[in-house]
Amino acid sequence: IMGKPAFITSAMSIDVPFVRCQVRDLGFTREPTTIELFDRDRLASLGLALCESEDAPHIRLALSEQEVGDWFYVVMEPIVDSDGHPYVFYGGHYEDERWLDTYWTDPDNRWHLEDEVVLRLRK
């Protein structure tokens, strides 16, 4: 999805604060849908915002000390692939590899309360 027009990179370098938490830490008591989890107004009321698509590779590179077995989703506006399916990034460390991949995010998908997600902190 990094080759899609929706993957935008900024010409300027800026410091961005992020928060990583479990879905349950966002106040959900049942598994939210993608639409519920990615709701901009709800996130703003919590002092959070969606990540920009370009954040994902930077987050991945910054986690040089990520423990084996650790992984997270990047909560961002999904990018549609060539087949019309919406995707977001997720990253992790498995055995000797750290990786950044994509995850299909249908609007009605349910997210587990223990899923780890990364969001931007609003300034």
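Student: Which residues line the second largest pocket?
Tutor: The lining consists of Ser10, Met12, Ser13, Ile14, Val16, Phe18, Glu52, Glu54, Asp55, His58 and Arg120. This is a predicted model, where local features need pLDDT of at least 70, side-chain atom pairs count only at pLDDT 80 or more, and totals for chains, interfaces and linings use all residues. Residues are numbered from 1 along each chain as its sequence is written, and side-chain values use heavy atoms, with hydrogens and water left out.

Student: What counts as a pocket here?
Tutor: On a 1 Å grid over the protein atoms alone, a pocket is an open set of points where a 1.4 Å probe fits, with protein on both sides within 12 Å along at least five of seven lines. A lining residue has an atom within 4 Å of a point.

Student: What volume does the second largest pocket have?
Tutor: About 260 Å³. A volume is the space filled by probe spheres set on the grid points, which are joined across faces, edges and corners.

Student: And how does its lining split by class?
Tutor: The second largest pocket is lined by four nonpolar, three polar and four charged residues. Ala, Val, Leu, Ile, Met, Phe, Trp, Tyr, Cys and Pro count as nonpolar, Asp, Glu, Lys and Arg as charged, and the others, Gly among them, as polar.

Student: What about the largest pocket, what volume is that?
Tutor: About 350 Å³. It has 22 lining residues, and those closest to the centre are Arg40, Leu50, Cys51, Glu52 and Arg120. Two or more lining residues come from each of helix H2 (40-45), strand S2 (48-49) and strand S7 (116-121). Helices (H or I, at least four residues) and strands (E, at least two) are DSSP runs, numbered from the N terminus.

Student: Which element gives the largest share of that lining?
Tutor: H2, with three residues. By class, the lining of the largest pocket has 15 nonpolar, one polar and six charged residues.

Student: Switching to charges. How many salt bridges are there in the whole structure?
Tutor: Six. A salt bridge needs a side-chain nitrogen of Lys or Arg within 4 Å of a carboxyl oxygen of Asp or Glu.

Student: Which residues form a network of them?
Tutor: Arg20, Asp70 and Glu116. Asp70 and Arg20 meet at 2.6 Å, N to O. That pair links distant parts of the chain, since Asp70 is in the loop between helix H3 (55-62) and strand S3 (71-74), Arg20 is in strand S1 (residues 18-22), and the two are 50 residues apart.

Student: And where does Glu116 come in?
Tutor: Glu116 lies in strand S7 and Arg20 in strand S1, so their pair ties together parts that are 96 residues apart in sequence. The closest N and O atoms of Glu116 and Arg20 are 3.2 Å apart.

Student: Is Arg20 buried or exposed?
Tutor: In between: Arg20 is partly exposed, with a relative accessible area of 33%. Buried means under 20%, exposed over 50%, and partly exposed in between, using a 1.4 Å probe and protein chains only. Asp70 is partly exposed at 23%, and Glu116 is partly exposed at 23%.

Student: Arg40 came up in the pocket. What does Arg40 form a salt bridge with?
Tutor: Glu77, with the closest N and O atoms 3.0 Å apart. Glu77 lies in the loop between S3 and strand S4 (79-80) and Arg40 in helix H2, so this pair ties together parts that are 37 residues apart in sequence. Arg40 is exposed at 51%, while Glu77 is partly exposed at 47%.

Student: Back to the strands. How do S1 and S7 run?
Tutor: They run antiparallel and are joined by five bridges. Strands pair if DSSP finds at least two bridges between them. Within this pairing, Gln22 stands opposite Glu116 in S7.

Student: What else does S7 pair with?
Tutor: S2 pairs with S7 in the antiparallel sense over two bridges, and Leu48 has Leu121 as its bridge partner in S7. S3 runs parallel to S7, also with two bridges. Tyr73 stands opposite Val117 there.

Student: Last topic: how many disulfides are there?
Tutor: Zero. A disulfide would be a pair of cysteine sulfur atoms within 2.5 Å.

Student: Why is Cys51 not bonded to Cys21?
Tutor: Because the sulfur of Cys51 is 10 Å from that of Cys21, its closest cysteine sulfur, which is too far for a bond. Cys51 is buried at 4% relative accessible area, and Cys21 is buried at 10%.
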